[in-house]
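Let's take a walk through this protein together, one stop at a time. Have the model open and turn it as you read.

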Amino acid sequence: MAWPALTAALAAAFPNMYAAVWVAIAVAANILYSSPPLRLKEHPPFDVLGGPASYLTAVFAGYALVGGGWPSPVLAAAGLLFFCGIDLAFKTLDIEADSRGGIRTSATLLGRGK
């Protein structure tokens, strides 16, 4: 496919470039999270960034699609902390399985009590 055709297809799929940027960030971050050799899911504290990479980027893409543009830095920081906390809470459900498999995560390092 030629570059002009690819550009036209992207413009049709993402009429708002802010949303396209958030989708690109989400795709790249999820690839880095799961794919070897980097596999961020096995490198605390970066493993808790999977939540914001998946969910916060979707929220910001929706915000951009309704004409919001870029979110404020305070909103971005609050969303980052919120989704990191949610992701860490859900990682505690896998502590036993991750420990048996020898997988280091933020939850296995901190334990359920912290």
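Start with Tyr 18, which you'll find in helix α2 (residues 17-34). Keep in mind that what you're looking at is a predicted model. Tyr 18 has a relative accessible area of 35%, so it counts as partly exposed. It has company out there: Tyr 18, Val 21, Ile 25 and Trp 70 make up a nonpolar patch on the surface, and together they offer about 350 Å² of accessible area.

Now for the rings. The protein has 5 aromatic pairs. One of them is Trp 22 with Phe 60: the ring centres sit 5.0 Å apart and the planes meet at 55°, so this pair is tilted. It ties together distant parts of the chain, since Trp 22 belongs to helix α2 and Phe 60 to helix α3 (residues 50-65), 38 residues apart. Trp 22 is buried, because its relative accessible area is 13% and the cut-off for buried is under 20%. Phe 60 is buried as well, at 3%.

Trp 22 also pairs with Trp 70, this time edge-to-face, with 5.6 Å from centre to centre and 70° between the planes. Again the partners come from distant parts of the chain: Trp 70 is in the loop between α3 and α4, 48 residues from Trp 22. Trp 70 is partly exposed, at 46% relative accessibility. Put the ring pairs together and you get a cluster of Tyr 18, Trp 22, Phe 60 and Trp 70.

How confident is the predictor? The mean pLDDT of the protein is 87, and 98% of its residues reach 70 or more. Among the elements, helix α1 (residues 3-13) has the lowest mean, 76, and helix α4 (residues 73-91) the highest, 94.

How values were computed:
Residues numbered from 1 in each chain as written. Predicted model: local features only at pLDDT ≥ 70, side-chain atom pairs only at ≥ 80, totals over all residues. Heavy atoms only, no water. Patch = residues over 30% accessible without salt bridge, like charges linked within 9 Å, V, L, I, M, F, W, Y side chains within 5 Å. Areas by Shrake-Rupley, 256 points an atom, 1.4 Å probe, with all protein chains shown as cover. Salt bridge = Lys/Arg side-chain N within 4 Å of Asp/Glu carboxyl O. Helix = DSSP H or I, 4+ residues; strand = E, 2+ residues; numbered from the N terminus. Buried < 20%, exposed > 50% of the residue type's maximum accessible area, 1.4 Å probe, protein only. pLDDT = per-residue confidence, 0-100. Phe/Tyr/Trp six-rings, centres within 6.5 Å; stacked < 30°, edge-to-face > 60°.
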